[in-house]
Amino acid sequence: MDRSVRVLVVGGGLSGLAAATLLGHHGVPCLIVERRTELPPTSRNERLGVRAMELLHVLGLEERVGAAGFHPDELGDMLQADTLAGAELGRVPQPWVAVPPQLSPLEPVCCNHAWLRELLRERARELGAEIWTGSELIDLREEADGLVADLCGPEGETSVRASYVVGADGPHSLVRERAQIEAEGPGTIAQLYGVAFRADLSEAIRGRHFAGVQLDGVGATLLKESERDSWVLLRPRPADDSPDEGEDLVELVRSAAGLPDLKVEIEGTFSLPITLLTAERFTRGRVALIGDAACSLPPTPGMHGGNVLQDAQNLAWKLALTLKGTAGPGLLDSYDAERRPLASLALTDALTRISVIPPSEDLPDRLTLEFGAVYRSSAVVSEGEQTFVPPLESAGLPGTRVPYLGPDLFGRDFVCLAGPGWTSTGLPLTALEPSWAEALGVSGTGAVLVRPDGIIAWRAWMASPEHDIETVLNQILNRGDQP
């Protein structure tokens, strides 16, 4: 065997780098293999909600992302018109709501997808990740004590043995196929063909502020780039179709703008597939899926990055504790139980935002969608059947995000906030302050166990001989199924 690693991440895009960064944060450096030698730049923006920014704060990256990005309010609404210079036919507000300060002091941020990807690459390497570019997975098989990945790289074929493999290799994932995990959905339903160009559109804009414009006259969407007078025109096409190679792109832009004499500089063209596939499960044995390999989202409206970061956070601490022998292997299955239902809702939300499907009654309001999810799995001692609760009313419900109690309390290890009368031999206790007890829905002598991802795992109203923190921790970590 040419190489042995604890975790092999297949795919060096945003999702693979997010997984590697979070694994490194939890003390598990990994090997990333990426078939491409260079990842392309992109105009695509990621809309990082407050939950994603909280995670980036834990990684020490929140300030850099905030400085490089911009607040979503700066985008404005999506407009509808026949041409940019023509009459406005409608507006669609952006999917953001004001976050009450008692939930979090942080703000959402928009930043460039490629820039965020490179930032995570840098951080992953700082945390010990090794990255092989130009190396493609050609086979993956299970052996008695792990998985063996056959790779083809610049220096020929090689094999890597891994205790676990994270599949971040896109919607047509070979890792998913080799793990015998089926994918549901129609597959690639369309292509977005883009034209990048430079032009002074101020005459048609008329001082308006917007995120983009749906231009019915040419069947395209106009999006603003970060540089002055830089734009992208996106047009959907059937999956098996492509634009006419002889098409006059300058005239297309002029028609979209509604300015027949507009000076236009075409900078290039590109295509983005819209693939809709969801894995029937996100884990099987020693394999876990993330990103488009788990659930492929359309490239707009930019919700991919925030969801991937939270997937990586959920997966990484569980994989780290399993590898360290602190948890039983069954803990990893809770990643599927907790994140797959939310991935399905994220897909519904994204398709609704780009008008592929009508609004769904299954979606809660936006604040609840971001902050009010209730995880239900073996890694939570549940207190009910809820799947969502209003975040200002959750009051410490197990399975929900812990309320904001101050900076840097959570994010790496289990934390147990406990009042008088509690003892623990395996976990240090943090004194439960009176204001925290009220926010967490327990008495002054209660206890609350918070997971490394900031999710409440268990709570007790007051100290009692019936409650033993070690027993609860054993249950949450699936220690009963350890070898």
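**Close-up views of a predicted model**

**View 1. Helix 8 and helix 9 in contact.** In this predicted model, helix 8 (residues 304-323) and helix 9 (residues 333-353) have axes that come within 10 Å and cross at roughly 175°. Helix 8 is therefore roughly antiparallel to helix 9, since crossing angles over 145 degrees are classed that way. On the side of helix 8, the contact is made by Asn 307, Gln 310, Asp 311, Asn 314, Leu 315 and Lys 318. Their counterparts in helix 9 are Ser 334, Tyr 335, Glu 338, Arg 339 and Ala 346. By residue class, the contact of helix 8 with helix 9 comprises three nonpolar, four polar and four charged residues.

**View 2. The open sheet of seven strands.** The strands of this open sheet follow the order 5-4-12-13-14-11-15, with mixed pairing. Strand 5 (88-92) and strand 15 are the edge strands, each of them paired on one side only. Direction ignored, neighbouring strands of the sheet are turned by 25° against each other on average. Within the sheet order, strand 14 is followed by strand 11. Strand 11 (residues 183-198) and strand 14 (residues 230-238) are antiparallel and share nine bridges. One of the bridge pairs joins Ala 196 to Val 232 in strand 14. Strands of a sheet pair through backbone hydrogen bonds, in either the parallel or the antiparallel sense.

**View 3. Ala 279 in edge strand 15.** Ala 279 belongs to strand 15 (residues 265-279), an edge strand of the sheet in View 2. Is Ala 279 buried or exposed? Its relative accessible area is 2%, so Ala 279 is buried, the limit for that class being under 20%. Apart from residues up to four places away in sequence, Ala 279 touches Arg 176, Ile 181, Glu 182, Ala 183, Leu 289, Ala 293, Ala 294 and Arg 340. One of these contacts, Ala 293, is 14 residues from Ala 279 in sequence, and the C-alpha atoms of the two are 7.3 Å apart.

**View 4. Two nonpolar cores.** The largest nonpolar core has 84 residues. Which residues have the most contacts inside it? They are Leu 8, Leu 48 and Val 65. With neighbours within four places in sequence left aside, Leu 8 is in contact with Leu 31, Val 33, Ala 149, Ala 162, Tyr 164, Val 165 and Val 166. A second core, separate from the largest one, has 24 residues, including Phe 197, Phe 210, Trp 231 and Ala 256. In soluble globular proteins, nonpolar side chains tend to be buried together.

**View 5. Strand 20 and its two partners.** Strand 20 (residues 447-450) has Ala 447 and Leu 449 pointing one way and Val 448 and Val 450 the other way. All four are buried. In a regular strand, side chains alternate between the two faces of the sheet. Strand 18 (residues 415-418) runs antiparallel to strand 20 and is joined to it by four bridges. In this pairing Leu 417 stands opposite Val 448. Strand 20 is also joined by four bridges to strand 21 (residues 456-460), again antiparallel. Here the bridge partner of Leu 449 is Trp 458. Strand 20 and strand 21 form a hairpin with five residues between the strands, and Gly 454 in this hairpin takes a positive phi near 80°.

**View 6. Asp 150 in strand 9.** Asp 150 lies in strand 9 (residues 146-153). Its relative accessibility is 15%, so Asp 150 counts as buried. Not counting residues up to four places away in sequence, Asp 150 touches Glu 136, Leu 137, Ile 138, Asp 139, Arg 141, Thr 158 and Ser 159. Ser 135 is 15 residues from Asp 150 in sequence, with a C-alpha to C-alpha distance of 9.9 Å.

**View 7. Positive phi at Asp 229 and Ala 395.** Asp 229 is not a glycine, yet its phi is positive, about 65°. Asp 229 sits in the loop between strand 13 (220-224) and strand 14, and with a relative accessible area of 23% it is partly exposed. Ala 395, also a residue other than glycine, has a positive phi near 45°. The loop that holds Ala 395 runs between helix 10 (366-371) and strand 18. At 33% relative accessibility, Ala 395 is partly exposed.

Terms used. Residues are numbered from 1 along each chain as its sequence is written. This is a predicted model: local features need pLDDT of at least 70, side-chain atom pairs count only at pLDDT 80 or more; totals for chains, interfaces and linings use all residues. Side-chain values use heavy atoms; hydrogens and water are left out. Buried means under 20% relative accessible area, exposed over 50%, partly exposed in between (1.4 Å probe, protein chains only). Contact means heavy atoms within 4.5 Å. A nonpolar core is a set of buried Ala, Val, Leu, Ile, Met, Phe, Trp, Tyr and Cys residues joined through side-chain atoms within 4.5 Å. Axes are lines fitted to C-alpha atoms, for helices over the stretch in contact, and angles run from 0 to 180 degrees between N-to-C directions. Angles under 35 degrees count as roughly parallel, over 145 as roughly antiparallel, 65 to 115 as roughly perpendicular and the rest as oblique. Ala, Val, Leu, Ile, Met, Phe, Trp, Tyr, Cys and Pro count as nonpolar, Asp, Glu, Lys and Arg as charged, and the others, Gly among them, as polar. Two strands pair if DSSP finds at least two bridges between them.
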